[in-house]
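The following questions and answers look at one structure, beginning with its aromatic side chains and moving on to its ligand.

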Amino acid sequence: MRVLVAGAAGSIGSVVGTGLRELGHDVAGLDVRPAFAGFDGDWFVADCTDGTAVRRVFEAGAPDAVVHLAGYPGEGSLPESFTSHVVSTAALLDAMVAHEVRRIVYASSNHAVGLTPRQELLGTEVRPRPDTFYGVAKVSAEALLQLYADRYGIDAVACRIGSFQPRPLSTRMLSTWLSHADAVHMVQAGLTAPSPGFHVLYGISANTRAWWDLEPGRAIGYEPGDDAEDYAADIPAGADDEAEGAFVGGPFTLPEHHRPALG
Ligand code: 15L
């Protein structure tokens, strides 16, 4: 399958792009940065918040599917967050509609529900409860995917990613970790599941202390293989553990992230 990876030079994009190539996909990269060393497929330097630039990328050779991993991974003002996550998604979706591309896998985030108090395993049926403007933008991007799925029959898999790291780094990450290998499995499931429609899953590994339900992922074939518990003995208790464990969004829910929407 020819897969266009938006945000291909980023931390998740470089791992997932490489992993998809190893699985046999023809991966094309799209990023504002140049290709990373060792990447030898097609690469487009363009800003995916720019609809015209994205249209040109598709005109150069439409993919079979899009994996959208682009965007600033932290908090910004509301307009910055919307541009980074919603406008970029819109630009890719419009190009997909114009070129009859029917599949997108999207890097949403746990911060779409980050102000949900920690309780039992959280499913995907809960209402949005963002913890930041970043989270608000992820909720909105998910809504946009739902709209394009309903209007145009696009299959759109929104992965609410937890903590993507080579290994867990804090007590919270023993619950929220997504390993590199599992990120590739997750995206592969999103690309290949038969007719998922609009589907939301939690992007974490098979963590013994998981806060989020893995069933929505398993329903489309995402079977994680790693468990953060294997690293538990190496993780000392941290001063912020209790505060970070009150709501599922952890550090993003703390007052230091409070700011006016318009900067
Ligand atoms: C995310 O969605 C963020 O992009 C990343 O910076 C982390 O905060 C991560 O979630 C997490 O919750 O650990």
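Q: In this predicted model, is F36 buried, partly exposed or exposed?
A: The relative accessible area of F36 is 24%. Buried requires a value under 20% and exposed a value over 50%, so F36 falls in the class between them and is partly exposed.

Q: Is F39 buried or exposed?
A: F39 has a relative accessible area of 11%. Because the limit for a buried residue is under 20%, F39 is classed as buried.

Q: Why is the pair of Y202 and W212 stacked?
A: The ring centres of Y202 and W212 lie 5.8 Å apart, and rings pair if their centres lie within 6.5 Å. Planes under 30 degrees apart count as stacked, so the deciding value for Y202 and W212 is the angle between their planes, 15°.

Q: Which residues surround the ligand, and how do they divide into nonpolar, polar and charged?
A: The ligand, which sits in the largest pocket, is surrounded by P73, S109, N110, H111, Y134, G162, S163, R172 and F252. The residues of this shell divide into three nonpolar, five polar and one charged.

Q: How much of the accessible area of the ligand does the protein cover?
A: Oxygen atoms of the ligand take part in polar contacts, including one at 2.7 Å from a polar backbone atom of P73 and one at 2.8 Å from an N or O atom in the side chain of H111. A polar side-chain atom of R172 lies 3.0 Å from a ligand oxygen. Of the 320 Å² of accessible area that the ligand has on its own, the protein covers 76%.

Terms used:
Residues numbered from 1 in each chain as written. Predicted model: local features only at pLDDT ≥ 70, side-chain atom pairs only at ≥ 80, totals over all residues. Heavy atoms only, no water. Near = heavy atom within 4 Å. Polar contact = N/O pair within 3.5 Å; in protein donor to acceptor, adjacent residues only side chain to side chain. Areas by Shrake-Rupley, 256 points an atom, 1.4 Å probe, with all protein chains shown as cover. 1 Å grid on protein atoms, 1.4 Å probe; cavity = no way out; pocket = protein on both sides within 12 Å on 5 of 7 lines; lining within 4 Å. Sits in = over half its atoms within 2 Å of the grid points. Nonpolar A, V, L, I, M, F, W, Y, C, P; charged D, E, K, R; others polar. Buried < 20%, exposed > 50% of the residue type's maximum accessible area, 1.4 Å probe, protein only. Phe/Tyr/Trp six-rings, centres within 6.5 Å; stacked < 30°, edge-to-face > 60°.
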